[in-house]
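Opening the notebook on this one. I'll jot down what I look up as I go, helices and strands before the odd backbone spots and the chain contacts.

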Amino acid sequence: MKAPPYHLRPNKAVDRLTLIDAIKLVVAQTELGEYTYYGMGGPYLEDFRLMYELYPHMRMVCIEKDENVCKRQLFHLPCRSHRLRLEKMPLSSFLAKYEAKDEKSIFWLDYTKLRFSYLDEFMDLLGKVGANSLIKITLRCNPPDYQDTQPAEQTKKLERFKRTFETVLPTAFSALPVKLEDFALLIQNMVRIASQKALPSATPTMFLPIASFYYSDSSGIFTLTGIVCLRKEMSRFRELFKRWQFANLDWVAPKEINVPSLSTKERLHLQRHLPRRKNAGRRLLRSLGYLIDRDEATTEIQLQQYADFHRYFPYFIKAIP
Amino acid sequence: MAAEKQNPYKAVSAAPVKSFFVHMLTRDIRLEDAILDLLDNCVDGILRAKRSKPSPRRETSPYAGFWAEIKFDKTSFSIADNCGGIPWSLHEYAFRMGRDPSRPPDALGTVGAYGVGMKRAIFKLGTQCVIETKNATDAYEVDIPQGWMEDETNWSFPALPTKKMKHEGTTLVVGSLHPGISDRFSVDAQDFQSKLERMVATHYAFIIHKGLKVSINGIAVRPRPTKLLFTRSTRKAAKKIKEIQPFLFRTKTADGVEVFLAVGFTQPIPSLDQVENEQTEKRYSSEDAGWTIVCNDRAVVYCDRTELTGWGEAGIPRYHTQFIAISGVVEFKGDASKLPTTTTKRDVDASSPLYLQVKNKMREGMRIFTDYTNKWKARADESRDHMKAGTLLTLEEVKVESAHLKFTPTTTSVPPGEQYKPQLPTPKKLDSRYRRISYVKTVEDVQKVAEHMFDEPDMDPSEVGEACFDAFLKEAR
């Protein structure tokens, strides 16, 4: 399977770093050894590389079913394999044999499509992981997939969507949103219902959302991170994240990641004015003195995005291999 | 004469312990079902009102102009309606635990027969309740106060006149919710509301379609009736072309219960690949297949796929994803006590003689469609062409269309009635000019080719195979 190069996916890179931030808030340095990171890695194992750099003592498990991708992953191993185990199997098979045994886990279910079976795996996982585990789910969220110029075909697509996701659809769902932000909110509501099904109020553990984003590097993506915690400890976790700028603890609309295209020189210039609590977009535009998008308003939005995510924004620079 | 020995004992009490009685009453019913019991009461109210004020419009849309509003949050639950209220003359029935045998028969068409629904629902939800009701002659309020459950001597609820109600109807508000219920209404609210909406939309599909407006927390519920593929045939009689239509059966029993049965396809049958994939990946969150049993417009069983409705018995195969396209509806109409439903009104009485007789017809109809599926499963793509001409119709629409069909009497069957048996297409041997090609490839390889050819890795494998052949054929020519 062809994987898009990383320098063409800056928004995903930002999203990846917000997960690192969330881990920092939940997991104390002394506890890192108690956690295992489970991910789906992709051919370059980028998230595993990051985890190893930042949390070298954390155990890691990569799940991949494609034989060729597995070989490529072996080539890209960021560390010795006693620290990072490669499991060549579909996620569903892995979940069938996964036993938490009260061990704490960090799971990134990094899907590239939107299917009911993925939500089914998410529900399965919520019921299995130990308390204080972090779960991140990423799903395709691309409105054009469900649009058609022919009304009859459009109706068929809507009916198929309803039939596929019926039990996790929110009340009053009647049409597929056309805007990316609306579609992201729909998927978030579906994930919310799935989490309530997996961990209903009668169970001692619950799924508390921490952050949710949507972005489009080439097609729309929705991603949500949450923590499985004991209900009686919910307020402790809410407190931990209360001041985090990306916190979404009440299932409000997900935040957009849409970092602008800026040269390294521009970024270094802008960074001198950051962080700012208010009107960062306007202040950065004034400092820059020119537009980077079609008009002033759009430029301000773009620069506000830069201000919000500048610490997570990767540098793609030419390097000698 | 010896003095009569005095009996040292007195009569022993067999009176029920209130908390035990109420606990037993509520433990076996699901919260969603208890709420549907309250909706049943609204419907029964409409039928009482209909009997007292008949009108021609009410025959086609018997529930038009009536509404029921359900609201819930962390602290309370309420259901308000304009469905005619509870006449004071029925208070013994409405508020007593169980049906008084001296009570006269219900209006034709009601679903309540045991006199427990409302009380069971109230105590399932919480421990305190106020019921306000108004009809043409009475307007009163019944209060179940906090602490009533703990008082073993008090088996009555105080009733007072009220002027709060502006329209004829009933408003029931339950407070002091049980902790588990309060959590369902707050912590699990999105899942619970979505599930309740789906249940109302399917179980009350007939009633909502016939005019009742139901809302849950301010959002109107749209009906979701089972729809069967029906080919309106004009050519069939002349050319004897076999087309997709449902099997139909209708009868009326000696004690006045009307039965209408329809079973058929709701969608094209799945291909072998689709069936196989479903084993490894759950593609759909639910399966709207199987039997729905409707008693007086209310579904008491929805999409059942067990022996209860004839699957896996008497020659019918057990339900399997392969049969996902088959659905049936049986409608029973008449005196509530004659209908084959259970006390919870959420199930069919499997031992009812009437139901057992109708079940024979359900199996007879179902067999036509399981046979078709088995015959065509390897040629699902061709079968899809049969379905294209069909339109999806609700049971009411099927009844209208059935006027053009030739029913045959079923005098040898029990109960005697009449039926329409469709002639479904049967696979013919391939024309000698054609050859069938089939081959097996790994999922990864099929996806690779599908992505290469269609930009869509999840294309149906049969379409990918056919496209490959066509591409090479074009090149060869």
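**Helix α5 of chain B**

Looked at burial in α5(B): nine of its nine residues are buried, so the helix is largely enclosed by the rest of the structure. Before I go on, a reminder to myself that this is a predicted model. The buried residues of α5(B) are B:G117, B:M118, B:K119, B:R120, B:A121, B:I122, B:F123, B:K124 and B:L125. I note that B:K119, B:R120 and B:K124 are among the buried ones.

Next I asked at what angle the axes of α1(B) and α5(B) cross. Helix α1 of chain B covers residues 18–27 and helix α5 of chain B covers residues 117–125; their axes come within 9 Å and cross at roughly 95°. The two helices are therefore roughly perpendicular to each other, as 65 to 115 degrees is the range for that label. On the α1(B) side I find B:V22, B:L25 and B:T26 making the contact, and on the α5(B) side B:R120, B:F123 and B:K124. Sorted by class, that contact has three nonpolar, one polar and two charged residues. From the α5(B) side, B:R120, B:F123 and B:K124 also turn up in the list of buried residues.

**The sheet in chain B**

Moved on to the strands. Chain B has an open sheet of eight strands, and I read the order as β5-β4-β3-β6-β2-β1-β7-β8, with mixed pairing. Which strands sit at the edges? They are β5 (159–161) and β8 (219–220) of chain B, each pairing on one side only. For the record, strands of a sheet pair through backbone hydrogen bonds, either parallel or antiparallel.

I then followed β3(B), which has β4(B) and β6(B) beside it in the strand order. Towards β4(B), residues 126–134 (β3) pair with residues 139–144 (β4) in the antiparallel sense over six bridges. These two strands form a hairpin, with four residues between them. I pulled out two bridge partners in β4(B): B:D143 for B:V130, and B:E141 for B:E132.

Towards β6(B), how many bridges join the pair? Eight, and β3(B) and β6(B) run antiparallel. One partner I checked there: B:Q128 is bridged to B:G175 of β6(B).

**B:F72 in β1**

Picked B:F72 for a closer look; this residue lies in strand β1 of chain B, residues 67–72. Is B:F72 buried or exposed? With 24 C-beta neighbours inside 10 Å it counts as buried, because the cut-off is 20 or more. Leaving aside neighbours within four places in sequence, B:F72 is in contact with B:F77, B:F185 and B:N217. I also took a long-range distance: the C-alpha atoms of B:F72 and B:G390 are separated by 42 Å, with their positions 318 residues apart along the chain.

**Backbone oddities**

General background first: most residues other than glycine have a negative phi, and most peptide bonds are trans.

Two positive phi values went into my notes. A:L45 has a phi of about 50° although it is not a glycine. This leucine lies in the loop between β1 (35–39) and α2 (46–54) of chain A, and A:L45 is buried, with 26 other C-beta atoms within 10 Å. In chain B, B:S176 has a positive phi of about 45°, and it is not a glycine either. B:S176 lies in strand β6 of chain B, residues 169–177. This serine is partly exposed, with 17 other C-beta atoms within 10 Å.

Where is the cis peptide bond? A:L274 and A:P275 are joined by it, with omega about 0°. A:P275 lies in the loop between α9 (264–271) and α10 (280–288) of chain A.

**Domains and chain contacts**

Chain A is divided into domain 1 (6–257) and domain 2 (264–312). I get 29 Å between the C-alpha centres of these two domains.

Last look-up, the contact between chains: 19 residues of chain B are in contact with 22 residues of chain A. On the chain B side, the elements giving two or more residues are α6 (179–186) and α7 (189–203). The largest share, five residues, comes from α7(B). By class, I have that side of chain B down as four nonpolar, six polar and nine charged residues.

Key
Residues are numbered from 1 along each chain as its sequence is written. Chains are lettered from A and ligands numbered from 1 in the order in which they are written. This is a predicted model: local features need pLDDT of at least 70, side-chain atom pairs count only at pLDDT 80 or more; totals for chains, interfaces and linings use all residues. Domain bounds come from an automatic or database domain assignment. Two residues are in contact if their C-beta atoms, placed from the backbone, lie within 7 Å. Ala, Val, Leu, Ile, Met, Phe, Trp, Tyr, Cys and Pro count as nonpolar, Asp, Glu, Lys and Arg as charged, and the others, Gly among them, as polar. Axes are lines fitted to C-alpha atoms, for helices over the stretch in contact, and angles run from 0 to 180 degrees between N-to-C directions. Angles under 35 degrees count as roughly parallel, over 145 as roughly antiparallel, 65 to 115 as roughly perpendicular and the rest as oblique. Two strands pair if DSSP finds at least two bridges between them. A residue is buried if 20 or more other C-beta atoms lie within 10 Å of its own, exposed if 12 or fewer, and partly exposed in between; C-beta atoms are placed from the backbone.
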